[in-house]
Amino acid sequence: TQRVVSGEGATRPCLLVPSAWRDETSQKMSKQQPAQFINPETPGYVGFANLPNQVHRKSVKKGFEFTLMVVGESGLGKSTLINSLFLTDLYPERVIPGAAEKIERTVQIEASTVEIEERGVKLRLTVVDTPGYGDAINCRDCFKTIISYIDEQFERYLHDESGLNRRHIVDNRVHCCFYFISPFGHGLKPLDVAFMKAIHNKVNIVPVIAKADTLTLKERERLKKRILDEIEEHNIKIYHLPDAESDEDEDFKEQTRLLKASIPFSVVGSNQLIEAKGKKVRGRLYPWGVVEVENPEHNDFLKLRTMLITHMQDLQEVTQDLHYENFRSERLKRGGRKVENEDMNKDQILLEKEAELRRMQEMIARMQAQMQMQMQGGDSDGGALGHHV
Amino acid sequence: MEPLRHSPSPCSSSRPSSPSTPPCEMPGPVGVEAVLEQLKIKAMKMGFEFNIMVVGQSGLGKSTMLNTLFKSKVWKSNLPGLKVPIPQTLQLHSVTHVIEEKGVKLKLTVIDTPGFGDQINNDKCWDPILGYINEQYERYLQEEILITRQRHIPDTRVHCCVYFVPPTGHCLRPLDIEFLQRLCQTVNVVPVIARADSLTMEERETFRRRIQQNLRTHCIEVYPQKCLDEDINDKILNSKLRERIPFAVVGADQQHLVNGRCVLGRKTKWGVIEVENMAHCEFPLLRDLLIRSHLQDLKDITHNVHYENYRIIRLNESHLLPRGPGWVNLAPASPGQLTSHQPFKICREAHKDSEKEF
């Protein structure tokens, strides 16, 4: 059988033909008139190398959807950073609640959508804000609302995907979560650890050190290292940038290396234009100097933006392939039962766990029996066993 | 004290002797001013005591601030990022130093409160602090009611509590309000905006106004308390201070070279933040308040107002008022009794008219 293989990094495919036919075909081809679909310059060019362009054109027409969630205590500059990142004002009528209101408030979810267009490419960006997180004296329940929101989006997508009309599924799943860490602490707080552990299997976490202009360079390095150590200590799974492919150019590889080395990013946000060194820059004006937002020596804002933009596709992919699939398999295993109340009777839980254990054991026994049979039967096709349980 | 002697004419020979009054000075017809000198000498001999407590979440620069205030390493400050385990419950650490300046000795006790506000559930995290403060009052009270008591009762009462508010730029958090409400009844509280180098000047002013508004709304009286102003001079001086409270402070214990001068500050890529420069932060105001101008006032208010309030409650509880030189057997206070929120009006004259209180 003929197999068409595209070589490593090659832009056109090479046709592998069995040697017996080679001379015949090449003779035939050189004698033939070039057919209208063959590129006369490169013989054997089929043309599906054009596929990425087609995908590109279709995507551009369709537009991209991206949902970003921001979580962090009040006053860490989340809204300012989001506005700086996307150069828009996502919170035009924002009113900061007073102290009395803060006492009674619980965590809320506020989603704002904005359509950004750049050079014909449309991005439908949804930013999910979580005001009230970390405000209360007792923050034990403050991430329940957030987790149920994330699960709800997954649930909705699952429902749409299993539905009849799948043409216009709106993807509102949270693709990325920026978690804002306070620069004033000595690392992660207990609340940070608890929250990240609760959502690291549901969403891509990108830790960000907020208000980085309050730290000197040494303090920043120390804090970053401390946070990374604590993340490892508590087995928190944050989003890891994929390594650059070996065939990418050096610049891209270097950029990826730099990005990976700077996690967690320490950022400063601002939308005010300040006059500095003769030109207008976005920054913060202090009596002792100007902090420039887009200066890589001052903070990692540019790195964060680069990471987000070059990895938007990857973030969506990981959400789809990892987090969503995890959710889906959990959900389907539960068999359509609604999420149980945590205060369920302990005995009931035990009974259910036992039943599940028995089911698993039966399944394993069946699989083993199957394997035995197949090994005896000499059939090497392991297809039946390869499917995801 | 020596009896006053009326002298017909102010001449040094018949004046009551005062060893340190320079002979060429004429203190007036009576010479009462000489008392000031005597007091000063006595005070210098005895030395001063000052107990200061710092409260705030970890990483807000409390230890660094203390070092900057007293220009010595009174507390080993924790570098950000260094492994410091957050204690599970609030603990109180106290350290005593004796520092000296121009012959004046100051016995400084610093009480730190690591673990405040760091947990997920911070409910009642102020109880250990209130317990400690009341314990010191109790200790003083027990000493005071002894039949033979010491000449100089060791004063471990907290004279001032500096509360560090994180620079969110928005307003006071529920935790801040709960804490301040409870503590302002028991001790002098000076709130400060910590790590103020993360706020621009406009943001600082907005934050300050909002905090002042929050304090008014919740009837929190921080030091200097309005109701304790004695005369018009006090009022003017303290009003100026009250306009600026909470001070936006930055702490630093490292020196850097700026324009040829050696300054205490923080060096960043975009400039050096000078701690003692009023244009950069309000640390000098805090230092002046705590040390240069109001230290004695803090102690006086603690003794005359807060301690007396405590004493009245305790004596009323044990249903016995001290009469004469008898030993008053007070039942030891249980920790829960005095940490409950007791609203009552702080009044300077408390120790004279106890009926006015209730």
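A salt bridge is a side-chain nitrogen of Lys or Arg within 4 Å of a carboxyl oxygen of Asp or Glu. In this predicted model, the structure holds 41 such salt bridges over all chains, and in chain B a network of them links B:E205, B:R208, B:R209, B:R244 and B:E282.

Some members of this network also take part in the meeting of two helices. Helix α5 of chain B spans residues 201–217 and helix α6 of chain B spans residues 232–244, and their axes come within 9 Å and cross at roughly 115°. The two helices, α5(B) and α6(B), are therefore roughly perpendicular to each other. On the side of α5(B), the residues in contact are B:R208, B:R209 and B:Q212, and these meet B:R242, B:E243 and B:R244 in α6(B). Sorted by class, this contact has five charged residues and one polar residue, with no nonpolar residue.

Elsewhere in chain B, B:D155 is found in the loop between α3 (127–144) and β4 (160–165). This residue, B:D155, has a relative accessibility of 10% and so counts as buried, the cut-off for that class being under 20%. When residues up to four places away in sequence are not counted, B:D155 touches B:E49, B:N51 and B:Y140.

In chain A, salt bridges join residues at various separations along the sequence. A:E65 forms a salt bridge with A:R124, and the closest N and O atoms of this pair are 2.9 Å apart. The pair links distant parts of the chain, since A:E65 lies in strand β3 (residues 64–71) and A:R124 in strand β5 (residues 121–129), 59 residues apart. A:E65 counts as partly exposed because its relative accessibility is 24%, and A:R124, at 25%, likewise counts as partly exposed.

A salt bridge is also formed between the side chains of A:D243 and A:K260, with an N to O distance of 3.2 Å. Here A:D243 is in the loop between α7 (217–233) and α8 (250–261) of chain A, whereas A:K260 is in helix α8, 17 residues apart. With a relative accessibility of 59%, A:D243 counts as exposed, while A:K260, with a relative accessible area of 35%, is partly exposed.

Helix α8 of chain A also holds both A:E254 and A:R257, which are three residues apart, about one turn of the helix. Their side chains meet in a salt bridge of 2.8 Å, N to O. A:E254 is partly exposed, with a relative accessible area of 37%, and A:R257, at 48% relative accessibility, also counts as partly exposed.

Notes:
Residues are numbered from 1 along each chain as its sequence is written. Chains are lettered from A and ligands numbered from 1 in the order in which they are written. This is a predicted model: local features need pLDDT of at least 70, side-chain atom pairs count only at pLDDT 80 or more; totals for chains, interfaces and linings use all residues. Side-chain values use heavy atoms; hydrogens and water are left out. Helices (H or I, at least four residues) and strands (E, at least two) are DSSP runs, numbered from the N terminus. Buried means under 20% relative accessible area, exposed over 50%, partly exposed in between (1.4 Å probe, protein chains only). Contact means heavy atoms within 4.5 Å. Axes are lines fitted to C-alpha atoms, for helices over the stretch in contact, and angles run from 0 to 180 degrees between N-to-C directions. Angles under 35 degrees count as roughly parallel, over 145 as roughly antiparallel, 65 to 115 as roughly perpendicular and the rest as oblique. Ala, Val, Leu, Ile, Met, Phe, Trp, Tyr, Cys and Pro count as nonpolar, Asp, Glu, Lys and Arg as charged, and the others, Gly among them, as polar.
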